[in-house]
Amino acid sequence: MRFHTLPDSKRYPGTEAEYDIILARHHTVLTELVTTRTVLVVSAGYSDRPVPPELAGRP
């Protein structure tokens, strides 16, 4: 999921004001998504091997 944080889908801030916009918008999104003390974070990775390294060698 990608949240557009700057006007016109601009990817990187060019000014201090744009950094402030990003911080405020990220804070708003987190405030809406995090409603309990428990937070689940999911991250993804990539490997060109058929078996993930953490599972290799397990029965």
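This is a short dialogue on how to read a few features of a predicted protein model.

Visitor: What should I know about the model before starting?
Guide: This is a predicted model, in which local features need pLDDT of at least 70, side-chain atom pairs count only at pLDDT 80 or more, and totals for chains, interfaces and linings use all residues. Residues are numbered from 1 along each chain as its sequence is written, and side-chain values use heavy atoms, with hydrogens and water left out.

Visitor: How many helices and strands does the protein have?
Guide: Helices (H or I, at least four residues) and strands (E, at least two) are DSSP runs, numbered from the N terminus. Here there is one helix and there are zero strands. Helix 1 covers residues 16-33 and includes Leu-33.

Visitor: Which side chains meet in a salt bridge?
Guide: Side chains of opposite charge can pair when their charged atoms come close. A salt bridge is a side-chain nitrogen of Lys or Arg within 4 Å of a carboxyl oxygen of Asp or Glu. The count by this rule is one: Lys-10 with Glu-18, at 2.9 Å from N to O.

Visitor: Are those two partners buried or exposed?
Guide: Buried means under 20% relative accessible area, exposed over 50%, and partly exposed in between (1.4 Å probe, protein chains only). Glu-18 is buried because its relative accessibility is 17%, while Lys-10, at 35%, is partly exposed. Of the protein's 59 residues, 8% count as buried.

Visitor: Which residues form the nonpolar patch on the surface?
Guide: Patches take residues with over 30% relative accessible area and no salt bridge, joining like charges within 9 Å and nonpolar side chains (Val, Leu, Ile, Met, Phe, Trp, Tyr) within 5 Å. Here Phe-3, Leu-30, Leu-33, Val-34, Val-39 and Val-41 together offer about 590 Å² of accessible area (Shrake-Rupley method, 1.4 Å probe; for residues, only the protein chains shown count as cover). Leu-33 counts as exposed because its relative accessibility is 59%.

Visitor: What is notable about the phi of Ser-9?
Guide: Ser-9 is not a glycine, yet its phi is positive, about 60°. This residue sits in the segment before helix 1 and, at 37% relative accessibility, is partly exposed.
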